[in-house]
Amino acid sequence: MSGMSIGAVPPSSITATPARELPPVQASSSPAAASEITPTASASTQLSREALVLIDKLKARDTEVRQHEQAHMAAAGGLATSGATFTYQRGPNGVNYAIGGEVNIDTSPGATPEETIQRARTIQAAALAPAEPSGPDRAVAAQAQQMEAQARAELAQRTYQGGSPAQPMVDVYA
């Protein structure tokens, strides 16, 4: 089984002005991680205007990244090998916000050309599912398109060489 990441939303270029910014960290999605984006009211009242603007940008990016990865997951179906993985950035309020993410999917061919065609279509749909597919998403979709074309060529060659048992026959002497 081979795998590939789709939804590799590159970490954003959101920069923090506070000096205590921590570097992005990689973590798996979990209910606990999702609840980390709810700052306490007292924390937001003690922050500078610049910090509050940064928090708003991080919140927006977090929402965008999570929606992007969810679109991949929904379209990938059984080909998704795990949940979404996110890269986080800690905001000036101490909360981790998702700034990048990816979903790993099984990109191995099927047992038959027909199965490979179906898998390739699912991979392509999953890669292009978000409203704004990233560059890596488009690359995965192109690879899936190539995989489908190869399976179709194999299927056509098999049909040409030996004929397909499902091929309809017409008896012109009847």
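Right after helix H3, glycine 77 takes a positive phi of about 55 degrees. That's a handy spot to start looking around this predicted model. The helix leading up to glycine 77 is H3, covering residues 49-76, and the chain around it holds five helices and four strands.

**Helix H3**
- H3 is built from 28 residues.
- From its first C-alpha to its last, H3 reaches 41 Å, which is close to the 40 Å expected at 1.5 Å a residue.

**Asparagine 96**
- Asparagine 96 sits in strand S4, the stretch made up of residues 96-106.
- Is asparagine 96 buried or exposed? Asparagine 96 counts as buried because its relative accessible area is 12%, and the cut-off for buried is under 20%.
- In sequence, asparagine 96 and leucine 58 are 38 residues apart, while in space their C-alphas are 9.0 Å apart.

**The whole chain**
- If you walk along the sequence, the helices and strands come in the pattern β-β-α-α-α-β-β-α-α.
- The chain has 174 residues, and 36% of them count as buried.
- How much of the accessible surface belongs to carbon and sulfur atoms? Their share is 55% of a surface that comes to about 10100 Å².
- Take the contacts between residues at least 6 apart in sequence: 75% of these join residues at least 24 apart.

Key: Residues are numbered from 1 along each chain as its sequence is written. This is a predicted model: local features need pLDDT of at least 70, side-chain atom pairs count only at pLDDT 80 or more; totals for chains, interfaces and linings use all residues. Side-chain values use heavy atoms; hydrogens and water are left out. Helices (H or I, at least four residues) and strands (E, at least two) are DSSP runs, numbered from the N terminus. The expected span of a helix is 1.5 Å times one less than its number of residues. Buried means under 20% relative accessible area, exposed over 50%, partly exposed in between (1.4 Å probe, protein chains only). Contact means heavy atoms within 4.5 Å. Accessible areas come from the Shrake-Rupley method with a 1.4 Å probe; for residues, only the protein chains shown count as cover.
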